[in-house]
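Student: I have a model open and would like to question every label used on it. Could you set each value against its definition as we go?

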Amino acid sequence: MRQRVVAAHAIQLARSGKINAHLNNAEILHWCQIGKEDAEWLESVLEKLGLSVRAWQRILKVSRTLADLAEGAAINRTHLQEASELMVIPDTPVAVRPLYAVWLQNSDQQAHIRQLLKFPVLVRQNS
């Protein structure tokens with residue numbers, strides 16, 4: 001697995017000079033292109049889940065990374081499906097997964113973490 005990650009990282013740097021997570025809007029349009037049918041499918045998923053355009057961009061970047069890990073030149077539906085699944089925490093209403101999502105998948109503390117996620121986050125406002 002480590003070799004695949006290192007290879008994907010090298011592909012990203014050779015392609016755009018940066019990792020996919022750091023792609024800007026123009027670079028996403030250039031490097032994360034998908035076909036019309038896949039774009040329509042992704043749009044329907046975003047609408048169904050209530051996700052934003054920002055989520056669309058994250059899904060495209062993660063899909064590009066998944067394609068790189070598979071040493072594929074193009075993003076396909078499988079990559080989009082896997083990336084969109086990472087955006088939603090199972091057994092909760094619409095929720096966007098933060099960066100700990102991958103760790104959570106492999107954690108032995110999933111039940112405890114899911115319980116903690118049910119509590120609303122309080123935002124402290126400066127007086």
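Tutor: Gladly, starting with accessibility: a residue is buried under 20% relative accessible area, exposed over 50% and partly exposed in between, using a 1.4 Å probe and protein chains only. This is a predicted model, in which local features need pLDDT of at least 70 and side-chain atom pairs count only at pLDDT 80 or more, while totals for chains, interfaces and linings use all residues. Residues are numbered from 1 along each chain as its sequence is written, and side-chain values use heavy atoms, with hydrogens and water left out.

Student: Why is Ser 84 called buried?

Tutor: Its relative accessibility is 8%, which falls under the limit for that class, so Ser 84 counts as buried. Across the chain, 30% of the 127 residues count as buried.

Student: Where does Ser 84 sit, and which residues does Ser 84 touch?

Tutor: Ser 84 belongs to helix α5. Leaving out residues up to four places away in sequence, Ser 84 touches Trp 41, Val 45 and Ile 59, where contact means heavy atoms within 4.5 Å. Its C-alpha atom is also 8.3 Å from that of Leu 42, although 42 residues separate the two along the chain.

Student: What makes the link between Ser 84 and Gln 81 a polar contact?

Tutor: A polar contact needs a pair of N or O atoms within 3.5 Å; within protein, one must be able to donate a hydrogen and the other to accept it, and residues adjacent in sequence count only if both atoms are side-chain atoms. A polar side-chain atom of Ser 84 lies 2.9 Å from the backbone oxygen of Gln 81, so the distance falls inside that limit.

Student: How do you know that the chain has helices and what pattern they follow?

Tutor: The elements are DSSP runs, numbered from the N terminus: H or I over at least four residues for a helix, E over at least two for a strand. By that rule the chain has seven helices and zero strands, and the pattern along the sequence reads α-α-α-α-α-α-α.

Student: What makes the length of α4 agree with that of a helix?

Tutor: The expected span is 1.5 Å times one less than the number of residues. For the 17 residues of α4 this gives 24 Å, and the end C-alpha atoms are 24 Å apart, so the two values agree.

Student: What does α4 pack against?

Tutor: The buried residues of α4 pack against α1 (2-16), α2, α3 (36-49) and α5 (77-86). Among those buried residues are Ala 55, Ile 59, Leu 60, Ser 63, Leu 66 and Ala 67. At the start of the helix, a side-chain oxygen of Ser 52 comes to within 3.2 Å of the backbone nitrogen of Arg 54.

Student: Why is Trp 56 called partly exposed?

Tutor: At 22% relative accessibility, Trp 56 falls between the buried and exposed limits, so partly exposed is the right label. Trp 56 lies in α4 and, outside its neighbours up to four places away, touches Ile 34, Ala 39, Leu 42, Glu 43 and Leu 46. The C-alpha atoms of Trp 56 and Ser 84 are separated by 8.8 Å, at 28 residues apart along the chain.

Student: Why is Glu 71 called exposed?

Tutor: Its relative accessible area is 62%, over the exposed limit, so the label holds. Glu 71 is in the loop between α4 and α5. There it has a positive phi of about 55° although it is not a glycine.

Student: What makes His 79 buried, and which residues is it in contact with?

Tutor: His 79 has 9% relative accessibility and therefore counts as buried. From helix α5, His 79 is in contact with Ser 63, Leu 66, Ala 67, Ala 70 and Ala 74, leaving aside neighbours within four places in sequence.

Student: Finally, is Ser 16 buried or exposed?

Tutor: Its relative accessible area is 18%, under the limit, so Ser 16 is buried. Ser 16 is in helix α1 and touches Leu 23 and Trp 31, not counting residues up to four places away. A polar atom of its side chain lies 3.0 Å from the backbone oxygen of Lys 18, so this pair is also within the polar contact distance.
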